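Work through the exercises below with the sequence and the coordinates open beside you, and try each task before reading its solution.

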Amino acid sequence: MTDKLSSLLVIAVLLPFAGALTNGLLVRYMPRKISGIIASCTITFSFLLFAVVYIAAGNAIRIPYVVQVAPWLFLGDFNAGISFIADRLSLIMALMVTGVSALIHFYSIGYMGGDRGVNRYFSYLNLFVGFMLILVMAENIVLMFVGWEGVGLCSYLLIGFWFSEEEKANAGRKAFIVNRIGDLAFIIGIFLILGYFNSASFISINANSYKIPEMTAFAVTLLLFIGATGKSAQIPLYVWLPDAMAGPTPVSALIHAATMVTAGVYMITRLGSLFMMSDMTLAVIMLTGSFTALFSATIATTQNDIKKILAYSTISQLGFMFAAAGAFAFSAAMFHLITHAFFKAALFLLAGSVIHALSGEQDINRMGGLERHLPHTSLMFWLASLTIAGIPPFSAFFSKDEILYKVFINENPAAHFAPKIAYIMLLLTSFMTAFYIARLYFKVFSGDYKGEKHPHESPRIMIVPLYILTILFAISGPFGMGGGIAHIMEMPAKIFIKNIHLTNTFQRILEPSIASFGSVSSDVSTEILLIFVSVAVAFAGWFSGRYLYYQQISPVVESFNRKFYPLHNLLYKKYYIDEIYEFLIVRPYIYISKGLYGLIDRFIIEFVFIGLLVKIVYVTGFVLRVFQNGYLYKIICIGITGLGIILYFMVGR
Amino acid sequence: MESVLLTYIIFSPVIGLLILLFIPRDEKVLIKNITFILSLVPLALSVLMLILFDRSNAGFQFETLIRWIGPLNIYYHTGVDGISLFLVLLTTLSVPVVVVSSFNYIKTDEKLYYMMLLFLETAMLGTFLALDLVLFFLFWEAMLIPMYFIIAMWGGENRVYATFKFVIYTSVGSVLMLIGIFYIGNAAGSFSVSEIYGTNFSVKEQLLLFGAFFLAFAIKVPLFPVHTWLPDAHVEAPTGGSVILAAILLKMGTYGMLRFVIPLFPNATLIFAPAVFILAVTGVVYAAMASFVQKDIKKLVAYSSVSHMGLIVLGLFALSRVSLSGAVYQMISHGLSTGTLFLIVGILYERRHTRLISEYGGIASVMPAFSVFFMIAALTSVAVPFTSGFAGEFMILFGSYSSEFMQNSSEYHRIFVYIAATGMLFGAVYMLWVYQKVIFGPNINPENQNLKDLSFREYMVLIPYAVLMIVLGVNTEFVVSRVMPSADRLIQIFYAGLK
């Protein structure tokens, strides 16, 4: 890499900040139409610059290239600087972030055009992308934490974007504080790392990670993973994400589906060599991920708010990525991260298009039959639904399948049962994913329209970015095809081209910059079998959803819900997790705060201690006052008495 | 090397005060403008000091040493090092800000008020720059007089109670410290820092002297559990008084610990350190919780000060170069953020004459620019990265985590760090809560619906602090490269004295 390329890289990271500053400082004077164009252009330029750097650098970024920008924090013998790492992992991630962001920015011009605060909106959105790029490009863990908290801050500002509604402001605050809990663990993990490695740089942490003792490795990685559960909405810290849907829909697409919430997966991939040192943590990550996937997919089957369903779906899909990371299949995790960014961003934006068409309606029971009114939206929604369901040949089929396979063949010495249990949970999740997305799709688009609004298709500025995303999620799959699929594909392909050998392009590209065990002996026949199982499961889920919800809700659903009312209600009420947290954590914190303040400040310090001092001073003063009253006869009396006492002691002896 | 620069800096406000004397008390506009211009003089001089400051020199610079009271070996000894440098700058920056912020707030006896402010500035600058114990004590006590009048004359309803509490608390500490100073002067034969550093006190002497000095400083900080004077003083003080109190006066306590307690009594510091850690981290968590239950914004900010100052004390006594530098950094940052928060409360109070959180809500819809400044201060207070608060807190926490001294002085030292780190979480809880209650939500109170956004004057008041909070968050090198050598030197003095 040359100096020229590194300065392009720095400009690419700084551009979104420049956009945020322009729109932020001129928030009152900027014409509403201009702010969106400025914001979209900065991100597009940033994307183009990353693309230029990626192409021009070529093979040079097989090994990480470090761009020093400025010193920042001095931490004794070393310094955590503002410096960026350019390797394939960071650049691919940056390309995804800026690419998807640019599309969502353009979409926002249409979606938010009528809002009074649109200038503020674009300023926040640009700021978010800036911090996200810092997170992705950071060369050391402290700078990554800057991006990490920075995106959290922007998420807070954007969730509470319509701040005059108390509920939305609450959702933003909840997101920030729940994330702070994770960040607390993260920051302590950072201290452990800095203290142990005496360096903040990812390169030296990864290079020296083999020296770290087992228990330290477990503590460090577990703390970092807790941090990741906050940002990436995994159990137990996922509770903020469903509430975060209070923000504008493009924000949900960008921050709460495509980019920010994947930060945890990216962080684990970035520190792969370190996580490799603790099998225990990897088992925890795998089980947490797959359990979260299943848990939130069950909730998604019963919800009625279109955005809430997608939110739980996001949590579930992130669970897949964590399961892959726990199985040490970072390439598979990253590939699903990217395909997910495409199809989930698309799903959210399409949901936004539906909401936009119905002037704010989000309840899927009051939709239906939108196929006729929104032809583009419904077509793309159908494709996106098939994709997330895992139906070939769309991208999620490839990425999800790779994860299932990698989890299945994983062998974890710390917990032998973990991979198999995780596999079963993920398979169940695949079924439910196909089911809930079919339920969503058919309830919204098939049958008759049940609302009173007059649906209308969205403007072109919203539809065009959506088509681009649709192309991306539809065709990107084969870039990351696993061995089994490659094998299946090779057979027909050989008819046309002899000696064809299909490989996992994505993995090959990423290989130099991620940690891996080297090649695991792959058993193609098992892999092919697993592919058939998961495709069958996906179709089963999709068609059972279609059977129950096509045109109108089947009576089976009603009777099922009645028969298993407690179960349905439990899922519908999201396992009462919010209520449990409220009861176990929030209330006690308030009562303990009030109690302690009353006890310590008001009672012990002020009343008992200070009160006692005041009493002593007062009593002393009262006694002494007797002697200082100004009457001559009393003074003479006291004097004589005193004299008597002195004489007694002197003479009486 | 003799230099008169510091003397000019210290006494330029008093000269301003003398000029102010000749202006008739009814010329209110003239008084305000002149005070503002006069308050820029020490600022300009201290910026000059910053420019001339040699960052490679860890010791005292611009020293002046004049024998003052010969027979008692009392000197007029002043000097500045990396630690006091930025505290002086914070002071000289804050006074003009406070002067301008008071233009509308103070409506009676303006002339006296501004004279008091200038007098206070001299006392504060003297405290930071004095290198002779008696001189230090004189300035230290002199601060009390103008502060007393500022609260008692321009304060709220309960001002008599608050001033009483403030003065008595502070005096109790001062009396003990004075006895300690006499003892040191007698033992060392001098009161000047250059001679008393390195005096060998026996461990028993050190313990007693530590007690006397530490209590005085702990009250000023204020450290839990001697903090209860602060919320009352803040609530009653006028905005300007609160800003000075929070931004500068509290730092006198931590500065005193750094300049005198730690280098003079190393053995006692070693022995008492675990107890100090316990008080500091208890304060961090407890005050954050107490802050959360307040109904009065000023009280909430006051308790948040107690919480943050606890963290600074932890950083000081962890005694590593990173934690010490972080503590100094956090002193600056806390001055900026809490100063801004009190200015913010003052701006609200001038419009609505109430400080109750429940009276507000939805202010963002009528005062958007105001909300931005509030946000910047709140974020700095909760230590979001790329604000000065994060730099300070991170350095304190990591410095303490990796501190050898802390490791040696207490077995479970890292637990203190973990507990102190929760302050970042609890801080977010109360700060975002109050921000939401005041700024977000529907604007339903009819009295809040026609509030005016910031005036030009208020912009000018808020901008300097806000810019610094962000600039110092991104560029820490400017400050740290000057503070760290002096912190190193202090640690050397400490270990040299340790028996």
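The exercises that follow concern a predicted model, and they go from one chain as a whole to single helices, single residues and the contact between chains.

**Exercise 1. Describe the overall build of chain A.**

Start with the secondary structure, where chain A comes to 27 helices and two strands. Next take the extent along the principal axes: the C-alpha atoms fill a box of roughly 135 × 60 × 60 Å. Then turn to burial, for which 54% of the 653 residues of chain A count as buried. Finally, consider the contacts between residues at least 6 apart in sequence, of which 81% join residues at least 24 apart.

**Exercise 2. Determine whether the length of helix α4 of chain A agrees with its number of residues, and whether the helix is enclosed or open.**

The helix covers residues 118–137, and at 1.5 Å a residue its 20 residues should span 28 Å. Its end C-alpha atoms are 28 Å apart, which agrees with that expectation. For the second part, 20 of the 20 residues of α4(A) are buried, so the helix is largely enclosed by the rest of the structure.

**Exercise 3. Characterise the packing of helices α14 and α15 of chain A.**

Two packed helices are described by the angle between their axes and the distance between the axes. Here α14 (residues 306–326) and α15 (residues 330–357) of chain A pack at an angle of about 175°, with their axes 9 Å apart. Because angles over 145 degrees count as roughly antiparallel, α14(A) is roughly antiparallel to α15(A). The residues that α14(A) brings to the contact include Leu310(A), Phe320(A) and Met321(A), while those from α15(A) include Leu337(A), Leu347(A) and Phe348(A). Sorted by class, the residues of this contact divide into 14 nonpolar, four polar and two charged.

**Exercise 4. Place Trp72(A) in its surroundings.**

First locate the residue: Trp72(A) is found in strand β1 (residues 65–75) of chain A. Trp72(A) has 25 other C-beta atoms within 10 Å, and because 20 or more are required for the class, Trp72(A) is buried. Leaving aside neighbours within four places in sequence, Trp72(A) is in contact with Ala80(A), Gly81(A) and Ile82(A), and also with Thr476(B).

**Exercise 5. For Ala233(A) and Asn73(B), which have a positive phi, find the location and the degree of burial.**

Ala233(A), which is not a glycine, has a positive phi of about 50°, and its place is in the loop between α8 (214–231) and α9 (240–243) of chain A. With 31 other C-beta atoms within 10 Å, Ala233(A) is buried. Asn73(B), likewise not a glycine, has a positive phi of about 55° and is found in the loop between β1 (61–69) and β2 (74–80) of chain B. Asn73(B) has 17 other C-beta atoms within 10 Å and is therefore partly exposed.

**Exercise 6. Describe the side of chain B that touches chain A.**

Begin with the residue counts: the contact takes 40 residues from chain B and 36 residues from chain A. On the side of chain B, the elements giving two or more residues are α12 (266–292), α14 (321–352), α16 (388–401), α18 (413–439) and α20 (477–497). Among these, α18(B) gives the most, with nine residues. The residues on this side of chain B divide into 29 nonpolar, nine polar and two charged.

Key: Residues numbered from 1 in each chain as written. Chains lettered and ligands numbered in written order. Predicted model: local features only at pLDDT ≥ 70, side-chain atom pairs only at ≥ 80, totals over all residues. Contact = placed C-beta atoms within 7 Å. Helix = DSSP H or I, 4+ residues; strand = E, 2+ residues; numbered from the N terminus. Nonpolar A, V, L, I, M, F, W, Y, C, P; charged D, E, K, R; others polar. Expected span 1.5 Å × (residues − 1). Buried ≥ 20, exposed ≤ 12 C-beta atoms within 10 Å, placed from the backbone. Axes fitted to C-alpha atoms, helices over the stretch in contact; angles between N-to-C directions. Parallel < 35°, antiparallel > 145°, perpendicular 65-115°, else oblique.
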